[in-house]
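Colleague: I'm new to this one. Could you walk me through it?

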Amino acid sequence: MKELVTFQVGSYANFIGSHFWNFQDELLGLLEDPQAHLVFKNQNLDMDVLYRTGETQQGIPTYTPRLISVDFQGSLGSMSSRGTLYNHNPSPSSGVATWTGNVSTQASEPHKKNLFLQRLYDEGQEINESEILDTDVVKSLEDGVQYWTDFSKVHYHPQSLFELNGLWMDPKEFNNYGIGRNTVSEGLQGDEINERLRFFMEECDHVQGIQFMVDDSGGFSGVAASLLENIADEYTNVPVLLFSVRSPNYYNTLTSRKLSITSNLHDAVSFSALSSLCKLIVPVGLPSLNESRVSQYLNVEDVKLYQSSAVYASAIHSINLPFRMKKMGPTGESSNESGAMDLYECIQMLAGQGRQNTVAILDAAMPPPSMTGKRFQQPLLGNLHPLTPETAHDVDDSQAIETMILHGALGAGEKEVSVSEVREAVEAEYENTSSTRPRFSHLSVSRCPLPIPLPFPSIFNNLVGRRGDLLSNSPTVSESPSRRGPLDVHSIPMAARLRSTTAVLPFVENRLGYIRKFGIERGSIGASVLTSWGFGREEIEDIGENLSKMVLALNPQQDYSSDDSD
């Protein structure tokens, strides 16, 4: 077994992570459920890659995510930072021994658990559990999610949940790389997080890497950079796959030119720093999911983090599957999956050969088209759309490299499709596509679909069937609810892909343009902003140089020398 350690840093990263772990918890539950469909009984995934075994002080066995979550103090809602399994109620402080005056204690009221959490933790004192219906739970979550813990059904280890304290500011002011970097580097909190990482790393036998999600829209990118520097120093040979995520809400906050310039500078600085501290970075987060091509069968309210984060979590879950497929050996074959690889192999494939581009695009089809025989009813490749912002469309790149995962594929009438049929259909897609075939492509296939747990939002439109099959637009379908959720859709097929391609050039070029225009050019209006974040002139020029190299790796013909800035 090769273990993964997962980091979630920042609010939106934790929203995505909450859904991600709900999927894992659902898979574990279905594995033990005698009523579950056979594809879940034969999933053949090694969950020990993501989870650790342990026991409470009372000797009760536990199975918890190998996770470190970092967020604001007070971001856990009704959940304790020690999780829910290892009950620990420290005795109240008796006060400071050297103080002889009166002592007053102010404590805020604990957050009340919503209906979902009440039923999950069997709080029958206020309401009879049997009276809480699934429909009530779904409705309460659609209308009332405030914290990522509001819809989490997972038990966490006491070392997993870390709240940054001492931030005496509105979270809206925690909005740039510089302020986040100082928060961790100037105190002991960074050391404590690093100790928690050491706790998880030292109990691994053969760690394959670190899966890192960071909300990079504000100060948490600086927090992440500080943590990644420690990882680079302490665990030199451990690869990091970094998902830099941001919510649609972020794009609505840029209401003035000053805010836009500050945001542009933050984007350049953050991307340059984070990309230099990992082996592969995957930017994730569109300005609007609902208006994007990936939402062909979705109905997402962009303003609700609970909804948009579910889409990104579904794609990240899919990308993660090959890392925990059980390898059958050189001669072994499995009827349930193929294409297993570890995180290092994935990174080497995408970033370690050819032009060694370290920025990848994440694409998804949710759900992908069904199959008829050994062909897709609609073009699969044409239904994979980017979740990475600022990418170019319809780019022919003969040097592109990609890895794709397709799991839970269905044929007509909810018929399950074999692994070999999926592989043949995908190969036929590549042969018949009008665009340039990538230089190299890797395909992973699993018969296990994405399970839809009860706390998943109602984001599917009325063309998505019970098992994620695509329904014809008949009068019956037209009259059904426009939003379908976990009570209507129990699982769906998923397709996801990571691409190393020149289609990501606009994303990188934009950030190079930001640092040149607002930070490097003589008299640039953002120089004072960067100075206030602690950057000197030489460091700013280094950022520009780093971004120039990243662009040149993708487009060697273009001249991006520093004296050619516009």
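Modeller: Sure, and keep in mind that it's a predicted model. One term before we start: two strands pair if DSSP finds at least two bridges between them.

Colleague: In which sense do E9 and strand E15 pair?

Modeller: Strand E15 covers residues 440-446, and two bridges link E9 to E15. One bridge joins Ser338 to Val445 in E15. The sense of the E9 and E15 pairing is antiparallel.

Colleague: Which are the edge strands of the open sheet of six strands?

Modeller: The order is E9-E15-E14-E18-E10-E13, with mixed pairing. An edge strand here pairs on one side only. That leaves strand E9 (337-338) and strand E13 (385-386).

Colleague: At about what angle does helix H9 run to E18?

Modeller: Helix H9 (residues 305-320) lies across strand E10, strand E14 and strand E18. Its angle to E18 is about 75°.

Colleague: Which helix gives the most to the largest nonpolar core?

Modeller: That core has 85 residues, and Phe243, Leu387, Phe460 and Ile492 touch the most other members. Ile492, for one, is in contact with residues including Met366, Leu450 and Phe460. The helix that gives the most, with 10 residues, is helix H1 (residues 11-32).

Colleague: Which helices and which strand do the buried residues of H14 pack against?

Modeller: Helix H14 spans residues 505-520, and its buried residues include Phe507, Leu512 and Phe518. The buried residues of H14 pack against helix H8 (257-276), helix H15 (527-532), helix H16 (537-554) and strand E8 (280-284).

Methods: Residues are numbered from 1 along each chain as its sequence is written. This is a predicted model: local features need pLDDT of at least 70, side-chain atom pairs count only at pLDDT 80 or more; totals for chains, interfaces and linings use all residues. Side-chain values use heavy atoms; hydrogens and water are left out. Buried means under 20% relative accessible area, exposed over 50%, partly exposed in between (1.4 Å probe, protein chains only). Helices (H or I, at least four residues) and strands (E, at least two) are DSSP runs, numbered from the N terminus. Contact means heavy atoms within 4.5 Å. A nonpolar core is a set of buried Ala, Val, Leu, Ile, Met, Phe, Trp, Tyr and Cys residues joined through side-chain atoms within 4.5 Å. Axes are lines fitted to C-alpha atoms, for helices over the stretch in contact, and angles run from 0 to 180 degrees between N-to-C directions. Lists of a residue's contacts leave out its neighbours within four places in sequence.
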